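Let's take a walk through this structure together. Have the sequence and the 3D view handy, and we'll go one piece at a time.

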Amino acid sequence: MTGPTRLRLIATVSAAALGLSAPVVLAETPDDQLVVGFSMTNILTLDPAAITGKETVQVLANVYDGLVQLDPVNRTEVQPDLAESWEVAPDAMSITFTLRDGAEFASGNPVRAEDVVWSFRRLLTLNLAQASFLKTYGFTAEGAEQAFAAPDDRTVVVTLPQKINPQLIIATLGIVGPGSIIDSVLVTENEVDGDLGAAWLAQNSAGSAAFTLQQWQSNNLALLTRNDNFWGEPSTMRRIIWRHIPESQSQRLQLDQHDLDIAFQLAPADLAALETTEGVQIQTTPSAGFYYLAMSMADERFQNPKLREAIRYLIDYQGVNNAILPYFGEMHQRPISGGFFGLLDDPGYTLDPEKAKALLAEAGYPDGIDVTLRALSDDPFLNLATAMQGSLAQGGVRAEVITGSGEQIYGAMRERNFEMIVGRGGGGQLPDPDSNMRALIYNPDNSDEARLTNFQGWRTSFSDPKLNQMIDAAAAEADDEVRRQLYADIQNRIEEVVAPIIPFSEVVTSVAYRDDLNGFVLNPSWSTDLATVTKTR
Amino acid sequence: MSPTSRMTGFARQLGTIAITLLGLLVLTFAIGRLMPADPVRAIVGEEATQDTYMQVYTQLGFDRPLPVQFLMYLRDVLTGDFGTSIRTGQPVINDIMAVMPATLELATLAILIGAGLGIPLGVLAAVKKDRWPDHVIRIFSLMGHSMPIFWTGMIALLIFYAALGWVGGGGRISDYYIGLVPPVTNFIVIDAMLAREWDVVRSALNHLILPASLLGYSSSAYITRMTRSFMLDQINQEYITTARVKGLSRRQTIWRHAFLNIRVQLVTIVALAYGALLEGAVLIETVFSWPGFGQYLTSNLMTGDMNAVMTCVLLVGVIFIALNLLSDVLYRVFDPRTR
Amino acid sequence: MMTDDLPKARSVPFAALAPLGRILRFLMRQPTSVFGLAVIALLVLAAIAAPLLATHAPYAQDLSNTLAPPSAQNWFGTDELGRDIWSRLVWGSRITLSIIALVTIVVGPIGLAVGTVAGYYGGRIDTVMMRITDIFLSFPSLILSLAFVAALGPNLRNAIIAIALTSWPPVARLARAETMTFRNEDYVSAARLQGASDLRIICKSIVPMCLPSVMIRLTLNMATVILTAAGLGFLGLGAQPPLPEWGAMIATGRRYMIDSWWLVTFPGVAILCVSLAFNLIGDGLRDALDPKQMNRR
């Protein structure tokens with residue numbers, strides 16, 4: 001211990017004992033480390049097969065590679081990742097991927113076709129949250145043996161279990177989670193009782209991307225360190241520290257004080273304040289899903305399409321997007337995400353109480369109706385519900401707002417036990433209109449027993465056999481031009497039959513970061529690549 | 001008291017402790033099973049299919065009758081198995097062991113501050129009874145006892161971190177120091193000293209000082225009051241007067257005689273105050289993003305992680321039973337009046 | 001000293017309440033206790049006159065006037081939905097008072113019942129009841145309340161139940177200790193000889209004798225009740241929005257704390273004042289009585 005250090009230490013300790021602390025100039029974050037603030041409340045596991053929610057995807061995007069990756073800017077494109085090229089068979093029933101030469105996992109094991117096949121089979125066998133991406137298109141645990149094959153070390157053949165557009169499957173394999181390629185050798189070493197490494201992978205990583213998971217503490221932090229065996233350009237960051245900071249104001253303070261480089265979960269008020277803060281930048285990008293107003297067709301009144309149409313004219317589209325949803329959402333009226341294949345222009349609905357009143361009268365409710373309107377008690381839902389209550393009242397729809405936790409609000413929706421709800425959702429992590437359609441509209445079995453709770457169509461008791469058929473056909477169609485026309489027809493039909501879910505805004509993600517970061521580009525599918533970020537000071 | 005009667009007294013005490021513990025287990029089990037949050041939904045996510053949901057539901061044993069579930073719980077606890085956390089998939093006990101050092105580090109510094117402040121103030125208040133120092137100390141310590149600590153924490157953070165930049169913000173150290181010193185004791189200050197990473201030591205103290213001072217202040221209220229009352233008892237006793245008559249100085253009488261006589265009582269009071277800091281920690285950790293026991297408990301309450309909540313409650317109960325037992329034993333061993 | 005204050009004529013149990021008047025007179029002589037009493041009086045007044053004192057309706061939103069700083073229009077500013085904070089604080093005093101009142105109403109009888117029965121019968125009944133008491137006593141009140149609220153569901157009613165469930169044991173302990181000193185008194189034996197039932201003896205002879213000290217113990221507890229309720233509200237496990245409970249107001253205000261200090265400052269000061277007031281009164285009471293008697297949990 002050198003003299004001055006000891007003195008300083010003694011000074012600090014004695015200051016601490018006095019209940020005072022010497023003023024210390026707080027340093028910036030180091031050049032070779034990235035400190036990221038976000039909420040870890042939704043992170044239950046870091047096993048790619050079992051994750052839920054966007055926060056886990058944000059972390060794991062820097063730990064696991066897929067065969068392909070989704071382009072952060074052009075949402076209809078996929079880019080090579082572990083696969084350097086791929087080819088669709090002439091009958092469009094299989095895809096052959098050729099793996100990059102010389103890629104290694106962080107453990108030093110080579111990335112072989114066998115690992116790829118093992119990862120997909122594992123996903124389907126475990127049948128956890130992420131399996132549904134592939135199950136939607138007919139892949140099953142039983143059929144996994146046939147669907148994924150590795151004829152040699154560098155070739156992977158994916159055989160489609162049903163007629164489906166191969167681009168859809170390629171894009172699905174670009175999603176972090178279902179598409180993540182796992183080091184089968186390493187995981188098998190840590191397998192317990194044939195769990196396919198589920199217990200071990202919840203806490204550890206076995207990927208090939210630029211970083212590895214060094215430490216994860218639930219609701220505290222995830223610590224990533226640079227993977228020295230990475231096959232690509234090594235990151236200039238030695239470590240990425242993901243810190244659980246659930247309060248927006250704390251994130252803002254720490255960003256302000258140079259203790260954070262990136263703040264992922266900020267409230268609009270704080271984003272607005274940071275917009276004018278020296279040295280802080282804000283990036284906004286479209287994300288997955290919509291804000292919507294939904295009605296339950298289990299309520300007999302809403303089976304009347306005239307009534308549903310009336311509601312359509314009682315939303316102040318412009319108003320809520322300008323007043324409540326800055327940084328949260330952008331005006332959008334179609335149930336297909338912005339930038340997706342086949343999206344039509346907005347139909348241009350506006351708040352029109354007179355038209356709504358006429359429609360209500362036509363529907364047999366000249367005196368209006370009384371409904372309940374559910375919303376989460378968080379930002380922005382509470383404010384949205386308040387605004388909706390106001391605009392609905394203009395047309396004679398008297399809404400009583402019920403607010404509560406996720407369990408009380410979405411739980412009731414899952415039980416089909418609600419009248420109206422202001423919600424958020426609707427797919428879109430897979431950058432294809434099929435993802436939106438299945439999340440919002442598709443409903444193959446409208447019976448209560450079916451419990452297709454993952455389809456919001458089922459939750460709202462909406463089932464249009466013709467639309468189901470059209471959605472299936474569009475997903476299967478291999479020809480782009482024909483497919484584009486099919487989605488146009490679907491969108492028109494949705495407006496014509498007045499589906500009970502009315503999107504009024506598209507979810508956007510807004511992130512604030514210190515302006516000494518370079519190369520920070522948000523990915524709309526949440527899989528933001530932080531390996532290419534550098535600091536200039 | 002004869003050795004044999006002391007032994008039977010001890011055995012009886014053990015028996016009552018066993019019964020208390022069993023009652024505690026019934027209580028924690030009841031709390032766990034009453035919790036309305038849906039742990040299965042938390043695992044499978046919002047968009048999972050019904051068969052995935054049911055698969056996990058059966059896996060966790062929720063389909064069996066309640067008494068069976070309680071017996072299973074009892075057996076597990078007796079064999080040292082507190083279940084796995086639904087959130088993390090890890091044994092709950094491991095999770096708690098991982099967060100406990102953070103709370104202990106905070107509470108230890110807090111109790112040092114609390115006792116360091118409370119005991120001298122208590123003695124002073126007793127000596128100056130009914131004069132102005134006594135009144136000032138009374139108001140000061142009652143303030144500490146009355147403040148909503150979560151609120152004071154927020155205000156202090158705004159002043160000392162956001163406005164003045166004197167102390168660190170949330171967390172135990174600046175985030176970029178995390179994982180730099182090898183964990184030996186898991187007390188970051190000590191580990192960093194062992195590793196001779198003085199910047200980390202400074203960062204850790206910088207982050208500790210504010211929450212620890214607030215907690216220490218709030219617990220000093222109790223310590224001050226008790227010290228004052230113990231001291232008054234002593235001062236009023238005859239031998240003190242005798243000592244004074246014998247010509248010892250006032251200061252000597254107070255510190256050598258009166259204070260020495262209350263040291264055992266003080267130890268038990270400080271021990272109880274140390275345990276009570278767990279309560280303040282729940283609130284202060286939320287405000288300071290402190291990754292300790294309190295934050296672990298509250299975040300698991302919100303997400304409905306039954307096993308974690310049950311074990312936390314059980315642990316707090318056991319700690320308090322142990323502390324009460326400790327103070328009983330201390331009294332019995334050292335207090336001349338009960339001997 | 002309390003024992004000196006006890007009336008000689010114990011055959012008239014209700015005379016036991018007489019010392020309370022004497023205690024009140026003692027309190028009025030101390031400036032700190034007077035301050036405490038004044039704050040509590042103000043609180044009660046605010047709760048009663050809330051409709052008159054409030055300048056706005058506590059739930060009235062004004063989305064065009066959100067997060068406005070204190071002004072002549074809104075004395076303590078407005079919150080994120082444009083609601084007037086002064087009015088919400090005033091109405092919130094009703095919630096605070098009802099929490100205190102309800103907890104006291106629940107805790108007093110439970111503690112008295114458990115304590116007197118255990119103390120009167122002694123033996124096995126005493127052991128069992130005191131074991132149960134010990135289990136509850138072995139928790140800091142906030143942590144046990146947290147667990148109860150989590151089990152029962154977060155709302156104001158359950159928060160009150162949870163706080164009550166955690167605060168009866170000290171009262172029971174006290175009542176038991178008192179009962180044990182009274183149970184062999186002459187007038188109790190006399191009642192027994194006259195053939196009075198146990199229930200009658202407990203209700204008519206023992207409970208009234210325990211009442212003064214139990215009531216004082218309950219007063220000492222009120223600051224803790226307020227802080228626990230506010231802590232629960234702050235953690236989102238107590239009163240739920242839009243109720244103007246002070247702790248919950250701080251919890252929501254926290255989201256806007258940096259730019260709008262008034263959202264958290266005023267409710268915090270209100271909690272501090274009221275809990276300080278109760279503590280000051282409690283401290284005065286302790287001086288008025290035997291300190292060791294009252295310090296016991």
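Before we talk about charge, here's the bookkeeping: Lys and Arg count as positive, Asp and Glu count as negative, and His and the chain ends are left out. Keep in mind that you're looking at a predicted model. Counted that way, chain B carries 25 positive and 22 negative charges, and the mean positions of the two groups lie 19 Å apart.

Now look at how chain B is built. It has 14 helices and 0 strands, so to speak a run of α after α as you read along the sequence. Its C-alpha atoms fill a box of roughly 85 × 60 × 40 Å along the principal axes. Of the 339 residues in chain B, 57% are buried. Take the contacts in chain B with a separation of 6 or more: 73% of them involve residues 24 or more positions apart. As for the outside, chain B exposes about 14700 Å², with carbon and sulfur atoms supplying 67% of that.

Next, hop over to chain A and find strand S10, residues 239–244. Why is this strand largely enclosed by the rest of the structure? Because 6 of its 6 residues are buried. In a regular strand, side chains alternate between the two faces of the sheet. In S10(A), A:Arg239, A:Ile241 and A:Arg243 are buried on one side, while A:Ile240, A:Trp242 and A:His244 are buried on the other.

And who are the strand's partners? S1 of chain A (residues 33–38) pairs with S10(A) in the parallel sense over 6 bridges, and A:Gly37 stands opposite A:Arg243. S9 of chain A (residues 221–226) runs antiparallel to S10(A), joined by 5 bridges, with A:Thr225 partnering A:Arg239.

How values were computed. Residues are numbered from 1 along each chain as its sequence is written. Chains are lettered from A and ligands numbered from 1 in the order in which they are written. This is a predicted model: local features need pLDDT of at least 70, side-chain atom pairs count only at pLDDT 80 or more; totals for chains, interfaces and linings use all residues. Side-chain values use heavy atoms; hydrogens and water are left out. Helices (H or I, at least four residues) and strands (E, at least two) are DSSP runs, numbered from the N terminus. Buried means under 20% relative accessible area, exposed over 50%, partly exposed in between (1.4 Å probe, protein chains only). Contact means heavy atoms within 4.5 Å. Accessible areas come from the Shrake-Rupley method with a 1.4 Å probe; for residues, only the protein chains shown count as cover. The place of a charge is taken as NZ of Lys, CZ of Arg, CG of Asp or CD of Glu. Two strands pair if DSSP finds at least two bridges between them.
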